[in-house]
Amino acid sequence: MHSLLRVAVVVALAIAGVVAQQARASAVEPVKEVFIDQGMALLPDIDCGSFVLSERLVSERIQVTTFFDNDGEAIRALVTVNFSGVLTRSDTGETFMDTVAGTDTFDVVDGAFTQTATGVKFHIHIPGRGIVALTAGRQVRDTSGQIIFSAGPANIDPSNPSALCTALA
């Protein structure tokens with residue numbers, strides 16, 4: 001019984017510490033910004049050699065929530081993206097729906113940031129062929145941008161969209 005009480009006290013103190021830290025950290029309220037249909041998630045034109053992929057915006061909603069420490073310094077940003085676009089091949093006129101639904105978390109570490117991406121970053125389905133481009137799940141990048149953890153299917157690296165050339169050839 002005493003060990004159960006000790007565990008309960010330790011858990012209660014830990015929760016109190018987290019709540020106290022959150023109260024201190026939230027002394028500066030988070031800032032939320034919403035961007036609608038501004039093309040922020042549009043891919044640039046991608047030169048595939050024999051054709052160019054260009055994207056047209058269908059719909060986009062991006063919400064950025066920035067969190068601050070007691071000194072007003074940004075320590076974390078959550079970027080939630082819901083996007084639909086249409087990719088077009090310049091040589092054939094063939095079109096492909098591009099869908100993104102996910103959240104990127106940026107944590108500041110010694111002036112640089114780490115990034116944790118969750119959700120769907122690429123999802124392109126071609127009737128008769130199936131899914132040709134899919135990056136989904138969770139990826140963590142260190143302050144240099146290197147992937148240090150990845151879970152889920154990922155045949156296109158969001159930092160290198162030119163890989164779509166092969167998928168859509």
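**Entry 1: Ile62**

I began with the surroundings of Ile62 in this predicted model, and, leaving out residues up to four places away in sequence, I found that Ile62 touches Glu33, Val34, Phe35, Met40, Ala41, Val79, Thr80 and Val81. Ile62 itself belongs to strand S3, which covers residues 52-68. I then asked whether Ile62 is buried or exposed. Its relative accessible area is 5%, and because the limit for burial is under 20%, Ile62 counts as buried. I also looked up a pair that is distant in sequence: Ile62 and Thr103 are 41 residues apart along the chain, and their C-alpha atoms are separated by 9.5 Å.

**Entry 2: the nonpolar cores**

Two of the contacts of Ile62, Phe35 and Val79, led me to a core of seven residues that also includes Val64 and Val100. This core is separate from the largest one, so I kept the two apart in my notes.

For the largest nonpolar core I noted 17 residues, and those with the most contacts inside it are Ile46, Leu53, Leu87, Ile124, Leu164 and Leu168. Strands S6 and S7 and helix H2 (164-167) are the elements that give two or more residues to this core.

I chose Ile124 for a further look and asked which residues it touches. Not counting residues up to four places away in sequence, Ile124 is in contact with Leu87, Phe96, Met97, Asp98, Gly130, Ile131, Val132, Ala133, Leu164 and Leu168. Among these partners, Leu87, Leu164 and Leu168 are also listed with Ile124 for the most contacts inside the core.

**Entry 3: Ala133**

From Ile124 I moved to its partner Ala133, which lies in strand S7. With a relative accessibility of 0%, Ala133 counts as buried. Apart from residues up to four places away in sequence, Ala133 touches Phe122, His123, Ile124, Asn155, Ile156, Leu164 and Ala167. For one of these, Leu164, I looked up the separation: it is 31 residues from Ala133 along the chain, with 7.2 Å between the two C-alpha atoms.

**Entry 4: the cavity**

I next searched for enclosed space, since a probe the size of a water molecule, rolled over the atoms, shows where empty space is left. The structure holds one cavity of 30 Å³ or more, and the volume of the largest cavity is about 50 Å³. Its lining consists of Ala117, Thr118, Gly119, Lys121, Thr135, Ala136, Gly137, Arg138, Gln139 and Pro158. Strand S6 (112-126) and strand S7 (130-141) are the elements that give two or more residues to this lining, and the largest share, five residues, comes from S7. By class I recorded three nonpolar, five polar and two charged residues in the cavity lining.

**Entry 5: the pocket**

Turning to open space, I found that the largest pocket has a volume of about 420 Å³. Its lining has 18 residues, of which Asp104, Lys121, Phe122, Pro158 and Ser159 are the closest to the centre. The elements that give two or more residues to it are strand S4 (74-89), strand S5 (95-109), S6 and S7. I noted eleven nonpolar, three polar and four charged residues in the pocket lining. Lys121 and Pro158, named here among the residues closest to the pocket centre, appear in the cavity lining as well.

**Entry 6: Asp107 and Asp37**

In strand S5 I looked up Asp107, which, residues up to four places away in sequence not being counted, touches Ile75, Arg76, Ala112, Phe113 and Thr114. Asp107 and Leu78 are 29 residues apart in sequence, and from C-alpha to C-alpha they are 8.9 Å apart in space.

A backbone angle then drew me to Asp37, where phi is near 50 degrees, a positive value in a residue other than glycine. Asp37 is found in the loop between strand S1 (31-36) and strand S2 (46-47), and with a relative accessible area of 41% it is partly exposed.

**Entry 7: the whole chain**

Finally I took stock of the chain, whose secondary structure comes to two helices and eight strands, in the order α-β-β-β-β-β-β-β-β-α along the sequence. The chain has 169 residues, and 30% of them count as buried. It exposes about 10,000 Å², of which carbon and sulfur atoms supply 59%. Among contacts between residues at least 6 apart in sequence, I noted that 44% join residues at least 24 apart.

Key:
Residues are numbered from 1 along each chain as its sequence is written. This is a predicted model: local features need pLDDT of at least 70, side-chain atom pairs count only at pLDDT 80 or more; totals for chains, interfaces and linings use all residues. Side-chain values use heavy atoms; hydrogens and water are left out. On a 1 Å grid over the protein atoms alone, a cavity is a set of points where a 1.4 Å probe fits but cannot get out, and a pocket is an open set with protein on both sides within 12 Å along at least five of seven lines; lining residues have an atom within 4 Å of a point. Grid points are joined across faces, edges and corners, and a volume is the space filled by probe spheres set on the points. Helices (H or I, at least four residues) and strands (E, at least two) are DSSP runs, numbered from the N terminus. Ala, Val, Leu, Ile, Met, Phe, Trp, Tyr, Cys and Pro count as nonpolar, Asp, Glu, Lys and Arg as charged, and the others, Gly among them, as polar. A nonpolar core is a set of buried Ala, Val, Leu, Ile, Met, Phe, Trp, Tyr and Cys residues joined through side-chain atoms within 4.5 Å. Buried means under 20% relative accessible area, exposed over 50%, partly exposed in between (1.4 Å probe, protein chains only). Contact means heavy atoms within 4.5 Å. Accessible areas come from the Shrake-Rupley method with a 1.4 Å probe; for residues, only the protein chains shown count as cover.
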